[in-house]
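Open the model in your viewer and keep the residue numbering switched on. The tour goes from one selection to the next.

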Amino acid sequence: MAAEQAIKRHECQSAEIVADLAAVAPPDSSAYFFDVDGTLLELRRRPEEVVADEHLRGLLTRLQAAAGGAVALVSGRSIADLDRIFDPLSLPAAGLHGADIRFPDFSRQAARGDLMDGVRPRVAAFTASHEGIWLEDKGATLAIHFRERQELAGEVLAFLSHFQQGRDLAVQEGKMVVELKSAAHDKGTAIKTLLARKPFEGRRPVFIGDDLTDEHGFAEVQRSGGIAIRIGVPDVPTEARLHMPDPAYLRERLRELAAHHLVLG
């Protein structure tokens, strides 16, 4: 009853910060899904600069044990890149906005390798012709970053949107980035797929993210009776009903959650 009251208190005031993650999302009944960049870890100028420290890896390991294994990463990054960030920790993961999924038994739902073959040369040429933007080629997705040329946001979006016509492709906007990806997959479909597998099955889903790329995931967990928490003050309308100010705050709540479980255990 106390947990339900805590949830209602937070959900009825969307701007209220989640102060007690153990009350809102207890590990014995929750399945946790985490975005990485801007959520578990602060954003960096380049994606390759992001690395998890031993403290965060330890928190996730303890949370995974407390939740019976029901912890997964849900990211726009490739699974190989997620493994680099969290090495040597290897978690269930959905990469490339849900196009590539690694299940708890390490079986795989792989992304289509040929999806970008017909458009890659044109996207690369566009990026090369504009100083200050750069292409991140993830194989099954293509992301154009424009952090240093924010005035080009509209041009980048319009250029990539052109490739949706007649193809199984969709455009995904993010923070200073626009990405061309599979239209068949998003973070919502990834979470739905993982929820059908043990140990996630039958648990209340909790998804924590920070960006437009996470909105499909927010919507899916709430359709499933779960909880969506957005990191950072939303600057656009969001499906998430709960809020945390920044990644450091989330990590502190995870530390408290792990400590709470040890006390109860």
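Select S7 and S9 to begin: these strands pair in the antiparallel sense over four bridges. Strands are DSSP runs (E, at least two residues), helices are runs of H or I with at least four residues, and both are numbered from the N terminus; two strands pair if DSSP finds at least two bridges between them. In this pair, Leu-142 has Leu-180 of S9 as its bridge partner.

This is a predicted model, in which local features need pLDDT of at least 70 and side-chain atom pairs count only at pLDDT 80 or more, while totals for chains, interfaces and linings use all residues. Residues are numbered from 1 along each chain as its sequence is written, and side-chain values use heavy atoms, with hydrogens and water left out.

Next, add S6 and S8 to see an open, antiparallel sheet of four strands in the order S6-S7-S9-S8. S6 (134-137) and S8 (169-174) are at the edges with a single partner strand each, so one side of each has no neighbour in the sheet.

Now select residues 177-182, strand S9, which is joined to S8 by six antiparallel bridges. Gln-172 is the bridge partner of Glu-179 in S9, and Glu-173 stands opposite Val-178. Two residues lie between the strands of this hairpin, where Met-176 takes a positive phi near 60°. Six of the six residues of S9 are buried (under 20% relative accessible area, 1.4 Å probe, protein chains only), so S9 is largely enclosed by the rest of the structure.

Technical notes: Buried < 20%, exposed > 50% of the residue type's maximum accessible area, 1.4 Å probe, protein only.
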